[in-house]
Amino acid sequence: MSLKITHLRHIALKTPDPATLAAFYQDKWGLKIVAEEANRFYLRGVGPERFVLVLEPAGRRGISRLAFGLENRVAVDEAARELAAQGVTIYRQPAELVTPGGGYGFQLIDPEGRCLELSTDVSPADQAESWDAPVRPNKISHVVLNTADFEGIIEFFTTRLGFRVSDWSEQQMVFLRVNSDHHSISFNRAPHSSLNHVAYELPDMNEVMRGIGTLKRHGVSPMWGPGRHGPGNNVFCYFQDAAGYVCEYTAEVQKIDEATHQPEVWQRVPEKMDRWGISGPPSPEARAAMGGEPDPGLLDQVKR
Ligand SMILES: [Fe+2]
């Protein structure tokens with residue numbers, strides 16, 4: 001396995017009304033719109049990533065792509081070649097990227113139809129650029145994905161893409177890392193493939209609390225939280241955005257020591273899902289929002 005993903009870069013989401021959703025993420029959530037073309041919005045956080053969220057027009061919701069970093073152009077070419085040799089569907093061959101910041105990358109399709117982009121050389125965001133917002137997320141901390149093929153998708157992400165298992169939540173969820181962050185991706189066993197939620201990293205617990213207050217002033221109440229998770233030990237608070245997607249403010253996620261870490265199987269009991277015991281388990285409404293609707297992605301384009 002020579003494929004070494006460095007980090008989670010961005011997620012692109014489809015929505016019938018990108019402008020309204022972009023306004024939610026800029027005016028209420030604390031991101032900044034850095035580019036717009038053909039009703040497609042690119043938003044950044046304060047971290048070095050050129051953009052962390054893309055909102056694209058489409059008739060229905062769904063994930064358009066998930067993007068991860070690779071070390072350099074040689075790694076991009078090698079990854080595309082190795083994955084193709086393993087029978088993985090390459091959707092776009094390695095090429096210069098035309099999204100803001102440029103770069104070089106390729107796209108593959110995972111077994112459930114998700115488009116994954118692996119890239120390098122995207123020029124970083126201007127660290128001198130600032131904007132006025134009560135809280136400003138640094139980056140996407142993690143994305144949780146619902147899967148109808150729990151064992152199969154874990155096998156694909158670990159053996160093909162080099163993700164490592166950090167922890168389990170019984171046999172319901174798995175937390176996968178590519179660097180010292182406890183998880184960049186998590187899979188949740190579900191009836192169908194879809195987006196569960198996207199978590200945005202804030203500097204610390206205090207900022208999560210200020211974020212909750214900011215959203216309350218905008219009339220947006222927490223859907224679940226605040227609390228502190230068992231697996232990952234991160235502070236969390238979940239909300240629904242203007243399109244009904246579930247978004248999370250998080251902070252203080254566990255850092256993994258690669259040399260010593262042993263995955264643990266966490267029990268799914270209220271005191272392990274929220275260690276503080278403030279919020280308990282998510283409500284049926286929150287679970288329904290996190291379930292989303294079936295998202296076939298690019299499955300119809302996978303040549304079998
Ligand atoms: Fe989360």
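**Exercise 1.** Work out how strand β10 pairs with strand β11, and over how many bridges.

*Solution.* Start with the two stretches: β10 covers residues 164-169 and β11 covers residues 173-177. In this predicted model, they pair in the antiparallel sense, over five bridges. Next, pick out one contact: Trp168 has Val174 as its bridge partner in β11. Finally, look at the turn. Three residues sit between the strands of this hairpin, and Glu170 takes a positive phi near 45 degrees.

**Exercise 2.** Find the strand that runs parallel to β10, and the partner of Trp168 there.

*Solution.* Go to β17, residues 264-266: it runs parallel to β10, and three bridges join the two. Now check Trp168 again: its bridge partner in β17 is Val265.

**Exercise 3.** Decide whether Arg114 and Glu112 are buried or exposed.

*Solution.* First, the contact: these side chains form a salt bridge, with the closest N and O atoms 2.7 Å apart. Then apply the cut-off, since buried means under 20% relative accessible area. Arg114 comes out at 6%, so it's buried. Glu112 has 9%, so it's buried too.

**Exercise 4.** Explain why the salt bridge of Lys139 and Glu201 ties together separate parts of the sequence.

*Solution.* Begin with the distance: the closest N and O atoms of Lys139 and Glu201 are 4.0 Å apart. Lys139 lies in β9 (residues 139-147) and Glu201 in β13 (residues 194-201), so the bridge links parts 62 residues apart in sequence. As for exposure, Lys139 is partly exposed at 26%, while Glu201 is buried at 17%.

Definitions and conventions:
Residues numbered from 1 in each chain as written. Predicted model: local features only at pLDDT ≥ 70, side-chain atom pairs only at ≥ 80, totals over all residues. Heavy atoms only, no water. Pairing = 2+ DSSP bridges. Helix = DSSP H or I, 4+ residues; strand = E, 2+ residues; numbered from the N terminus. Buried < 20%, exposed > 50% of the residue type's maximum accessible area, 1.4 Å probe, protein only.
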